Structures are given as C-alpha cells and as structure tokens.
Amino acid sequence: LLLFIFFAGSVVISYVWGAHSTPTAAFLFLLVYGIWVLACPVTEEEYYRYFHRVAFLVSLICILGAVQYFAQFVVKSDLIFSWRGLVPGSFLLEHNVLNELSYGSGHYKSNGVFLMEPSSLSGLAGRELLLVVLLLKDVRYIIPLALGMAFALSGQGIVFALLFASIPLIFFLGSKVRPADSRSFVGPILLVLVVVIAVGGVLSIFGDYFLGRAGEYAHPKSSAYARYITPFLVFEDHVIKSPGAFFLGYGPGSFDALTANRTVAHETGWIKIFLELGLLGVVSFCAFFLYCVFSCTRSWYIAVAMLFHYLLLDSPVLSPQFTFLAYAMFVLPVCAVNPNGKPPEGKPSLK
C-alpha cells in the first residue's frame, strides 16, 4: 500500500505538472494498479492448485494455437483467427489477429484463438514457462508451452524464455536425474529429445522467416523497429529535453500528443512511463511492481524477469485486459505459510 501511494503520488504530481495531461489516463493509472494492492491469502495447497490451473489454461491455449496454425491449411477461413462477422466489432478486443507470415502470403501466425495477436500468445507462453519451471517444477506443461511459442512465430516469448527460463530449465531437468537410478534419465532425455525435434522442425521450416525478423531492427516501418528502436528516439527527442521532463514527465496521457508527428511510435512500457511520469514515475512503478510480484512468487528472479517483460518486451501499461492478466498470473495469490511449515505432499515448499 505504501509503495502504491508512492506511485500514485508520482502520477498526481506529473498530472499537475504536465502540460499534456489527460484525466482519463491519470484515472486509469490509479485504477488498474490500485487493484494490485488487493491480494488473496491462500494456503500452500491452494497456492499450487491455483498455479496448476493457470498453467493448464495457458497450455490449452497454446495447444489451440498450434492446432489453429495447421487448421488454416485445411479450412480456408479467417474465422479461425478472428471472430469478426460472428461478434459485433464493438465487442471485440482484437489487434493484428490476421498477422501474415509475409505480405500477401495468406498464411497467418497463431494467436491462440482467444488472444489479441500472435505476440500476446508468445509472451504468455514464455512467462508461464518460467512460472512452471521455478514454481511448479512440473515437466508436463513444457511441451505445450513450447508449441505455443513456436507457432505464434513471434520473438517476444522466445526472447524472454532464452533470457530468463532457459538456464533454470536446464538445472530443473538436471535435478530430475539421479545418477544412482538409470531409469531417472529416461524422462528428462525423452523430454529434451521431443523439444529438440520440435524446435529443429520449426527452425528448418521457418528458419528464413526468423532470420528475416532479426534484420527488421534497421527497417523504420517494421514492428521490431517500432517496439525497440523508436522508444530511444522518443527518449532523445522529449525526455532529456529538460530537467522537468526527465524527472516529472509530461503528464499521464501525453504520449500520443507528443509522438503524433512520428511515422511509427510504439508505446513500449518503459518509454510510456518515462515520457508521461518521468524518472519519479519509473522508480515508483518499478518498486511497486517488483514488490507485488515478489509477494506472490517469493522470487526476486521471477519479479525482475516479469518487470523486464512488462516494460521492455511488451506494452501493456494502460491496457486493462493485460494489466489484469498480469495481476491474475503473478500477483493475486499470496501464500500463508502452514503452521508446521511443511508443503503439501510432493510439492516444493515456498520456503
């Protein structure tokens, strides 16, 4: 609560200070992150049950994404990827759901049916993979999550998994092997073989595509350039323009007005907060975010990884559906330690 008050104070100060502030954006900052103060105390058994349900649902969406990708070669209909025509447009939360592999190819990346765009599926699978490896320590979810990242054909989840989940995954699989028992090698080896075959198959088919995506950072009209290069240009143009802009920003909601003249201006999380709330807003937001995630996961590693994804790889800062998804995934349940300090049978202890 104290950290939220610190963050809310930075929003109010920037709102009063900024010349381009809008009350709607200020209200959204206070509303969507005010909810994060609320947590649900649970026992360890309830805690793991909750995260298993989340992992199951995300895995199901990832499997649907893989099925969705191959279904387009059998059923020639955009309804596989978008519900436009079935649901009135005013009720849909869709963005870039018909995302082609290449212009005019007619072949789309998977979005898991229920998500806004392929990068949403990829990022969701990547975040869940880290939670599965470090919290649940359950190998059953690894393959479906890998399928979701593979057929979304988006770098967001893959980059996150390589940076934060790959090394814990290696140690996790290694811990499953007991040198005295040769049978313990079978499961991890089979899992590794399946993953290697799946990744190798995807790369053999889509290798040229991923290499092409890697070169997009130099193209001013590409998604990669908009997401990762443009924010630094906006930072140079506006944030370091004056001490007031650097420390207090231009006010909530000012991003669109200040970047209206740019051909591409992507509201990646960190630049939106820095431009609108200044350094004070960035520091207060990061402190609040990290403590919220740590309170749930009891892992600073997970907290830092999720903050990295939230601010640098994605852009959900004021998207209510994504802020609530993050809240539900790694903020809501807070475990109350059992009196005897022992975890449920077969479960790792949060201690």
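In this predicted model, the axes of helix α1 (residues 2-17) and helix α11 (residues 269-297) come within 9 Å and cross at roughly 160°. Because angles over 145 degrees count as roughly antiparallel, α1 is described as roughly antiparallel to α11. The crossing of this pair is left-handed. On the α1 side, the contact is built from L3, F4, F6, F7, S10, V11, I13 and S14. Their partners on α11 are E276, L277, L280, G281, S284, F285, A287, F288 and Y291.

Helix α1 also holds W17, a residue worth a pause for anyone browsing the contact map. W17 and L248 are separated by 231 residues in sequence, yet their C-alpha atoms lie 7.3 Å apart in space. With neighbours within four places in sequence set aside, the contacts of W17 are G244, L248 and G249.

A second helix pair can be described in the same terms, since two packed helices are characterised by the angle between their axes and the distance between those axes. Helix α4 (residues 118-136) packs with helix α5 (residues 142-152) at an angle of about 155°, and the two axes are 8 Å apart. The angle therefore makes α4 roughly antiparallel to α5. Here, too, the crossing is left-handed. From α4, the residues that meet α5 are P118, L121, S122, A125, G126, E128, L129 and V132. From α5, I142, L145, G148, M149 and A152 take part.

Attention now turns to charged pairs and the surface. Side chains of opposite charge can pair when their charged atoms come close. Across the whole structure, a search finds three salt bridges. One salt bridge joins R49 to E45, with 3.3 Å between the closest N and O atoms. Both R49 and E45 belong to helix α3, where they sit four residues apart, or about one turn of the helix.

Helix α3 (residues 44-71) is also the place of L57, which contributes to a nonpolar surface patch of about 780 Å². The other members of this patch are F56, L60, L64, L79, W83, L86 and F114. Helix α3 thus offers two handy starting points for a closer look at the model: the R49 and E45 pair and the patch residue L57.

Technical notes: Residues are numbered from 1 along each chain as its sequence is written. This is a predicted model: local features need pLDDT of at least 70, side-chain atom pairs count only at pLDDT 80 or more; totals for chains, interfaces and linings use all residues. Side-chain values use heavy atoms; hydrogens and water are left out. Patches are made of residues with over 30% relative accessible area and no salt bridge: like charges are joined within 9 Å, nonpolar side chains (Val, Leu, Ile, Met, Phe, Trp, Tyr) within 5 Å. Accessible areas come from the Shrake-Rupley method with a 1.4 Å probe; for residues, only the protein chains shown count as cover. A salt bridge is a side-chain nitrogen of Lys or Arg within 4 Å of a carboxyl oxygen of Asp or Glu. Axes are lines fitted to C-alpha atoms, for helices over the stretch in contact, and angles run from 0 to 180 degrees between N-to-C directions. Angles under 35 degrees count as roughly parallel, over 145 as roughly antiparallel, 65 to 115 as roughly perpendicular and the rest as oblique. A crossing is left-handed if the near helix is turned anticlockwise from the far one by less than a right angle, and right-handed if clockwise. Contact means heavy atoms within 4.5 Å.
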